[in-house]
Amino acid sequence: MVAPKNQPPLLALVDELLAEQGRLQTPVVRAAEAYDRAQRGQFNSKTHADLIPLTKPAAGEQYAFEVDLDACTGCKACVVACHSLNGLDETEAWRDVGLVVGGSRAAPYQQTVTTACHHCADPGCLNGCPVLAYEKDPLTGIVRHLDDQCIGCQYCILKCPYDVPKYNDRLGIVRKCDMCHQRLGAGEAPACVQACPTHAIKVVKVELHVGGGGALRADTSRFLHSAPNPSYTQPTTRYLTKRPAPVDVRPADGAVLRPQPPHWPLVALLMLMPMAVGCGVADKILNLHSSALAIAGWLAGAAGLGLAALHLGQPLRAWRIFLGWRKSWFSREALVFGLWFPAATAYLLVRIGWWPVGGALKSALAFGTATLGVAGLFCSVMIYVDTRRGFWRFANTAPRFFGSAAVLGLAGALTAPDAPLALGYFLAGVTILKLIFETSALAPLADADDGTAAPARQTALLLTGPLRSANEFRVFAAVLGGILLPFLVASGSVPHVSAWPALGLALLGELAERYLFFRAVDAPKMPGLPDPGRGGVA
Amino acid sequence: MTTELVQRPGDFGLGNVPARLAPAGTTRAVCGFCSTGCSLKIHLNAAGEAINLTPDPDYPVNLGMACPKGWEALTPLAAPDRATTPLLRDATGVLQPVDWNHALTVFCSRLKSLQADHGKRTVAVLSTGQIVMEEMALLGALAKFGMGIADIDSNTRQCMATSHVAYKQSFGFDAPPFTYADFEESDVLVFVGANPCIAHPIMWQRVMRNPGHPAVIVVDPRRTETAMAATLHLPARPKSDLTLLYGLARELIRREAVDPAFVAAHTTGFAEFASFVDAFTVARVATETGLRQAEILRAAEVIARPGARVSYWWTMGVNQSHQATRTAQAIINLALMTGQIGKPGTGANSITGQCNAMGSRLFGNATSLIGGYDYAKEEHREHVGRILGINPGLISHQASRAYDRILDAVDDGEIRALWIIATNTAHSWVNSGRFSRLRDKLDFLVVQDMYATTETARQADLVLPAAGWGEKEGVFINSERRLGLARKVARAPGQALSDFAIFKLVAEAWGCGAQFARWSSPAAAFQVLKELSRGQPCDFSGIRDYEHIDASGGIQWPFTAADAAAIPDLRSTSDDLKNRQAQDPQSPEIVNHKSEIVNAAERRLFADGRFFTPDGRAKFLFDPPVPLPEPPDAGYPFLLNTGRGSSAQWHTGSRTDKSAVLRKLAPNVPWIEINPADAAPRGIVTGEKVAVRSRRGATTALAVVTPIVQPGQVFMPMHFPEVNVLTFPAYDPHSRQPAYKACAVAVQRVEAG
């Protein structure tokens with residue numbers, strides 16, 4: 001750019017330099033490009049040739065990552081190369097590097113651990129996916145996520161004990177490591193393998209065998225010792241080292257408390273569905289004259305199912321949710337509640353007199369709705385049990401979900417104009433039992449502190465630490481709405497209309513309990529960094 | 001959605017790339033973070049703009065690898081908080097956008113009026129090892145010869161001043177003798193105060209490529225990643241390394257591991273040194289370092305092994321100490337006395353910090369006259385004046401004051417204006433709380449930076465928006481003296497200009513533009529610097545131009561016209577060979593040709609035993625160890641060590657914090673490592689907040705309970721502004737480098753609230 005003649009020299013120089021600043025491509029660039037063009041298409045894959053298998057896996061084999069821990073020194077180039085070479089979003093990488101520590105004063109020990117998807121022989125993600133959006137490649141064994149199929153339910157995230165699948169907010173789906181199968185297909189090493197300055201990561205072939213129940217099994221004897229137990233999903237990654245690790249080696253973030261995401265739509269679903277089922281069962285058993293209970297139950301169920309859709313990143317694809325019914329409790333729950341809703345609606349129409357049928361059909365409808373509801377709740381319980389997380393084990397989840405059904409069914413029933421007031425005593429009793437049961441989650445606090453938080457202890461520490469105020473609110477709401485007010489209503493000390501605030505408080509109490517159910521769960525993962533801002537929502 | 005991840009062959013020697021980021025061309029640029037000097041292959045779109053990068057497989061430094069910072073080098077350029085116009089603080093105290101003309105007018109009028117009222121010394125400059133050599137040289141020449149500024153120093157004072165002084169005193173010139181191939185050719189590698197696994201991962205790659213399973217001795221108070229990979233870790237107490245090194249020297253003498261012929265022919269002062277170290281018995285060293293006698297003897301035995309090629313490597317653990325220069329020289333002494341220098345796999349080798357610390361040491365025009373000359377010598381002033389076409393009378397007889405003395409002069413009211421370029425003093429200078437207090441004593445603070453948001457820029461009166469790495473061209477000199485090319489592959493945002501252009505504008509506005517007419521572009525300035533280097537130990541006058549550097553895969557100094565004739569470059573490859581290379585890059589002929597180039601590209605100093613001192617001999621320099629300036633006591637019972645937190649973080653984070661993926665790789669809040677034995681009685685658990693206090697300030701940090709720090713010691717990463725609030729302002733007497741790595745602190749649990 002040439003400055004006008006009448007411009008002062010400084011201004012002219014500013015303009016000239018700004019114009020120069022905006023010009024790209026110096027002659028040297030062009031020369032370098034010419035040199036590069038001469039090499040066009042000749043990717044020097046030989047550098048990485050010994051880092052990937054020469055041949056495809058035979059029958060009974062699959063590809064697996066092999067990590068030489070002695071060569072992994074924590075530079076983390078693998079993480080960023082994964083991000084860059086796969087063109088991932090700003091915060092996205094499918095590999096991570098964690099840390100384990102231990103040892104004595106004389107021999108302190110630390111080891112960085114690079115980790116990605118373990119391409120498990122029996123993948124938890126795949127088995128839990130309600131829409132069959134995962135496939136285990138029959139030839140290579142690579143566990144691939146089919147992005148176009150995913151509905152964004154994130155159940156795979158809960159199912160994977162290694163925290164591998166990651167939710168992508170922009171796309172509303174989950175994505176994960178595919179071992180760069182496109183590169184492997186072209187004879188190139190995966191991005192992380194290419195990028196490791198010390199060749200610590202390889203792709204190798206490993207043998208699989210068929211175990212009990214026909215599930216595939218891998219040799220997990222060389223899996224990382226301080227990682228979650230490999231017996232659940234049979235991870236195939238091997239971690240090799242010649243250095244003796246001390247017996248007390250533990251993840252550097254083992255003691256870090258990680259409150260988990262609340263998943264509000266699920267909190268709402270799992271508070272409202274028990275109420276719907278509880279009200280339905282109460283309506284059947286109590287056989288009240290008024291239809292209030294049936295209406296309340298139906299409304300709760302409709303609201304719960306509606307809100308649950310908000311949980312999905314791709315709700316328009318949700319119609320496919322039954323596809324995984326053979327393996328996924330998520331699909332089964334959707335199927336059962338999918339049947340429950342028309343049944344409950346039909347029963348409601350009967351109950352309020354818009355559909356005038358009676359006798360056996362009415363009774364069958366009532367019984368069927370209640371049974372479907374109970375079955376649905378059972379599926380809900382199993383969704384969480386099937387993640388194999390300690391806090392979500394059957395003995396802890398079933399009493400909570402069905403306990404909510406009892407509390408909210410009774411609280412709902414107590415509001416009915418013709419309800420026997422003595423129900424209040426039942427409600428108070430059930431609430432007391434449920435509170436006592438929930439308190440047992442705090443028992444591990446008495447255990448010795450060994451510098452890591454064992455799953456149950458992690459939950460107890462969360463409930464009394466970062467989640468303390470939510471936990472206190474939960475108790476307060478239950479004592480007031482589930483015990484005190486119902487007792488007063490039952491004893492006639494307060495007017496019957498007080499059952500309504502009791503119901504409201506009981507609902508809030510159960511909502512808080514379900515919120516804590518999600519937030520205080522122990523979430524297994526690979527060893528990470530000692531950073532509480534990670535692996536959950538602080 | 002699957003289509004988002006589809007890949008296609010990238011061409012240009014690349015493998016598969018994401019289809020939506022397929023390049024239309026590539027070019028190469030040397031990385032602008034650390035001094036390793038890795039070459040990055042930049043993927044360009046049709047408009048010539050960078051869209052992605054991969055490490056350059058054909059560069060002798062990094063061999064197709066990069067650390068996370070290199071992989072993410074382009075991301076900080078696109079940060080939303082880039083400075084896009086000059087900003088001037090208005091009457092209400094708010095930084096307001098102004099145009100360049102206004103900014104330059106204010107810049108000159110304020111500084112000139114301060115100089116008129118209070119003398120020329122009232123203005124000083126603090127610059128950086130992060131800008132290219134040509135910019136550094138233009139700044140040094142402009143400030144000193146054009147603007148009459150007496151004091152200019154840079155952040156290399158914080159990292160490399162000690163190596164500079166130690167080499168200059170011992171070898172007669174600031175001359176790191178090694179080449180990276182030495183990592184691969186050593187039988188024994190001794191790392192003192194260095195954690196290359198994290199701080200220089202690509203150098204560690206070279207160690208791992210050593211085919212001989214070398215012994216690796218690491219002297220570091222922490223069990224770092226590098227210490228974990230060592231065959232022998234000596235966790236000496238902080239700052240007891242000098243004592244240890246003297247003890248090792250005594251032990252080598254006792255074991256008759258000295259090379260008497262080398263010592264006699266090429267050194268001076270050995271006899272005095274030998275009698276000095278005699279007092280450093282193993283028993284004494286064990287007591288003072290906290291090491292076991294057996295460990296010390298084992299180290300001596302490994303180093304003394306007959307026939308073993310031993311190389312010594314040090315970095316900030318040595319350089320940032322109250323007795324840093326003598327510690328570096330204690331390492332140099334070990335190499336000299338055993339004749340372990342000038343041969344493959346040997347050397348007393350300083351691993352540099354910043355990408356252009358070496359260029360800045362040569363051409364910063366601070367402690368040495370531009371080009372490694374001496375201010376005090378008249379013939380040097382005349383020589384430099386002649387080459388630059390300036391009146392030698394304009395050249396001061398004195399070197400600049402050091403960084404700490406410049407800040408002292410601000411405190412004293414002698415200096416009233418600072419021009420800070422591409423460094424973040426408010427964050428990184430030792431005892432940083434003092435800088436905030438000094439700010440109020442400054443009449444005018446100019447900050448020239450890519451970002452208007454650094455801790456320092458936020459305090460400025462005037463911010464000048466600078467283009468960053470990737471938006472300009474020029475040369476960096478890496479740790480092994482290799483000149484590499486940085487290149488313009490992206491447009492700077494808004495009105496941001498390269499530092500070179502800003503200096504040109506300042507010269508014009510100041511009225512001394514004509515003095516720098518020869519510096520019309522970085523490429524032209526490079527020709528000036530070549531002339532300055534001619535006849536110096538760092539002579540690179542044999543390099544033709546930028547293209548020559550690029551075609552050769554970087555060029556190490558010295559590179560005289562004679563070297564140029566002897567050493568082939570890729571450009572001199574015959575057309576026939578080029579054609580065959582295009583057909584079959586793996587043919588033996590091509591591979592052979594390439595390895596010839598690589599051998600020519602790996603050159604070390606002192607093969608002839610001649611050093612750069614007047615008598616050609618290296619000097620043994622030593623002093624008795626000095627106690628810690630601030631030892632722990634009852635009130636402040638812990639010794640705080642600071643250093644690099646992760647390979648993904650660069651210094652004050654003004655660039656690396658802009659990359660979301662880099663931010664995933666380390667905690668985003670300051671943390672403090674503490675031994676379980678210290679944590680347990682205080683009820684401190686990993687992940688909780690603790691309060692850290694020193695006599696100078698207090699902050700909070702995330703506790704990380706780990707046995708890798710010894711009891712009584714704690715460690716904090718330097719990348720958070722809170723850390724230097726604590727550090728103690730002690731300096732090495734020779735290099736004036738701050739001792740960041742040892743001060744007394746107290747650590748307490750903060751009750752959850």
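What follows is a chat about a predicted model with chains A and B.

Reader: Hi! What should I know about numbering and confidence cut-offs before I start?
Author: Residues are numbered from 1 along each chain as its sequence is written, and chains are lettered from A and ligands numbered from 1 in the order in which they are written. This is a predicted model, where local features need pLDDT of at least 70, side-chain atom pairs count only at pLDDT 80 or more, and totals for chains, interfaces and linings use all residues.

Reader: And what is the mean pLDDT of chain B?
Author: The mean for chain B is 94, and 95% of its residues reach 70 or more; pLDDT is the predictor's confidence in each residue, from 0 to 100. For the complex, the predictor gives an ipTM of 0.94 and a pTM of 0.94.

Reader: Nice. How many helices and strands does chain A have?
Author: Chain A has 16 helices and 11 strands. Both are DSSP runs numbered from the N terminus, with at least four residues for helices (H or I) and at least two for strands (E). The C-alpha trace of chain A spans about 90 × 75 × 50 Å along its principal axes.

Reader: What share of chain A counts as buried?
Author: Of its 538 residues, 52% do. A residue is buried if 20 or more other C-beta atoms lie within 10 Å of its own, exposed if 12 or fewer, and partly exposed in between, with C-beta atoms placed from the backbone.

Reader: Switching to where the chains meet: how many residues does each give to the contact?
Author: Chain B gives 86 residues and chain A gives 75. Contact here means that the C-beta atoms of two residues, placed from the backbone, lie within 7 Å. On the chain B side, the residues divide into 48 nonpolar, 21 polar and 17 charged. For that split, Ala, Val, Leu, Ile, Met, Phe, Trp, Tyr, Cys and Pro count as nonpolar, Asp, Glu, Lys and Arg as charged, and the others, Gly among them, as polar.

Reader: Which residues touch the most other members of the largest nonpolar core?
Author: Ala77(A), Ile331(B) and Ile672(B), in a core of 406 residues. Helix H8 (residues 264-286) of chain A gives the most to this core, with 14 residues. A nonpolar core is a set of buried Ala, Val, Leu, Ile, Met, Phe, Trp, Tyr and Cys residues joined through C-beta atoms within 7 Å.

Reader: What is Ile331(B) in contact with?
Author: Leaving aside neighbours within four places in sequence, Ile331(B) contacts Val192(B), Leu245(B), Tyr312(B), Trp314(B) and Ala348(B).

Reader: Now the sheets. What is the strand order in the open one?
Author: The order is E12-E11-E10-E14-E15 in chain B, with parallel pairing; two strands pair if DSSP finds at least two bridges between them. E12 (232-234) and E15 (347-350) of chain B stand at the edges with a single partner strand each, so one side of each is left without a neighbour in the sheet. The twist averages 15° from one strand to the next, using axes that are lines fitted to C-alpha atoms (for helices over the stretch in contact), with angles from 0 to 180 degrees between N-to-C directions. Inside the sheet, five bridges join E10 (residues 188-192) to E11 (residues 215-219) of chain B, and Phe191(B) stands opposite Val218(B).

Reader: And which strands close into a barrel?
Author: Six strands of chain B do, in the order E23-E27-E24-E26-E25-E28, with mixed pairing. E24 (residues 671-674) and E26 (residues 698-705) of chain B run parallel, joined by four bridges. Ile672(B) stands opposite Ala703(B) in E26(B).

Reader: Is helix H4 of chain B enclosed or exposed?
Author: Enclosed: 11 of the 11 residues of H4 (residues 161-171) of chain B are buried, so the helix is largely enclosed by the rest of the structure. The buried residues pack against H14 (316-319), H15 (324-337), E15, H16 (357-363) and strand E22 (618-619) of chain B. Gly172(B) follows H4(B), with a positive phi near 90°.

Reader: Last one: where is the cis peptide bond?
Author: The bond from Trp557(B) to Pro558(B) is cis, with omega near 0°. Pro558(B) lies in the loop between strand E21 (555-556) and helix H24 (561-566) of chain B.
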